Amino acid sequence: MLKTVVCVSGGGTNLQALIDAIGDGTVKGAQIVRVISSSHSAFALERAEKAGIEAVTVSPSDSPDRKTFEERLDKAVSEVCPDLIVLAGYLVVLPEGFVRKYSNRIINIHPSLIPSFCGKGFYGLKVHEEALKRGVRITGATVHFVDSGTDTGPIILQKAVAVQEGDTPEILQKRVMKEAEHVILPRAVELIAEGRVAVEGRRVTVR
Ligand code: GRF
């Protein structure tokens, strides 16, 4: 069983997709051992509680300084010795040492087809606003390993979603979540659990 920690900051629909996929057997090889939220008010915490998963909040604003926050985060993760860390709408930039320590064991879901609409400042609705502004016909979501950059790590899975006439950022965000994010995040976790994902440099092979 792949011991998985899920880090969240907000609504937690991706967390929910993973909980549901484990519940209905779509994901067989993983269990969520802890949810870590960066915010006390994240709805994701309620989702975790409802599913009977231990949830803790490690918030930068509770810590006197960044170093203390990083130590607390590291402790909250290392206590449960995870095989995999899933960033599911986690709005905190991870410390470099942490990323190195868990190299190729941290994955992130991003709501666009990387390398479009990603990098610093591209999170939440902003991603979809920019996609609509640019007039793309196709957008989507990406699951990738986390490296020291922002959205630059090796790509595991991507799924395309069509932009439709009359889309607003909110409508597009919902469609991307439902049709892409909530599908490829659990799928990536299962592929990793089955040992089918190999990383070589920036390239990922799914066997
Ligand atoms: C998702 O769009 C995800 O791709 C991005 O942040 C959002 C989180 O949504 N990284 P939720 O908290 O999973 O509902």
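The buried residues of helix α5 pack against strand β5 (106-110) and helix α6 (169-193), where contact means heavy atoms within 4.5 Å. The model is predicted: local features need pLDDT of at least 70, side-chain atom pairs count only at pLDDT 80 or more, and totals for chains, interfaces and linings use all residues. Residues are numbered from 1 along each chain as its sequence is written, and side-chain values use heavy atoms, with hydrogens and water left out. Helices (H or I, at least four residues) and strands (E, at least two) are DSSP runs, numbered from the N terminus.

**Helix α5**

- Helix α5 spans residues 125-134, and V127, H128, E130 and A131 are buried in it; buried means under 20% relative accessible area, exposed over 50%, and partly exposed in between (1.4 Å probe, protein chains only).
- These buried residues cover an arc of only 160° around the axis, which puts them on the same side of α5; the arc is that of the directions from the helix axis to the C-beta atoms.
- G135, just after α5, takes a positive phi of about 80°.

**Helix α2**

- In helix α2, residues 43-50, the buried positions include A44, L45, R47 and A48.
- Viewed down the axis of α2, its buried residues fall within an arc of 160°, so they line one face of the helix.
- The exposed residues E49 and K50 are carried by the face of α2 turned away from its buried side.
- Partners of the buried residues of α2 are β1 (2-8), α1 (13-23), β2 (30-37) and β3 (55-57), against which they pack.
- G52 follows α2 and has a positive phi, near 75°.

**Ligand surroundings**

- The residues around the ligand, each with a heavy atom within 4 Å of it, are G10, G11, G12, T13, N14, G89, I109, H110, P111, M177 and E181.
- A polar contact is a pair of N or O atoms within 3.5 Å; within protein, one must be able to donate a hydrogen and the other to accept it, and residues adjacent in sequence count only if both atoms are side-chain atoms.
- Polar backbone atoms of G11 and N14 lie 3.4 Å and 2.9 Å, respectively, from an oxygen atom of the ligand.
- A nitrogen atom of the ligand is 2.9 Å from a backbone N or O atom of I109.
- Taken alone, the ligand exposes 360 Å², of which the protein buries 86%; accessible areas come from the Shrake-Rupley method with a 1.4 Å probe, and for residues only the protein chains shown count as cover.

**Aromatic pair**

- The count comes to one aromatic pair, under a rule by which rings of Phe, Tyr and Trp (its six-membered ring) pair if their centres lie within 6.5 Å, with planes under 30 degrees apart counted as stacked, over 60 as edge-to-face and the rest as tilted.
- The rings of F98 and Y102 have centres 4.9 Å apart and planes at 50°, so the pair is tilted.
- Both F98 and Y102 are buried.

**Two buried residues: H144 and A88**

- H144 is placed in strand β6 (residues 138-145) and is buried, with a relative accessible area of 2%.
- Not counting residues up to four places away in sequence, H144 touches I106, I107, N108, H110, I114, D151, G153, P154, I155 and I156.
- A88 lies in the loop between β4 (84-87) and α4 (96-101) and is buried, with a relative accessible area of 6%.
- With residues up to four places away in sequence not counted, A88 touches V6, C7, V8, N14, L15, I109 and L185.
- A88 and V33 are 55 residues apart in sequence and 15 Å apart in space, C-alpha to C-alpha.
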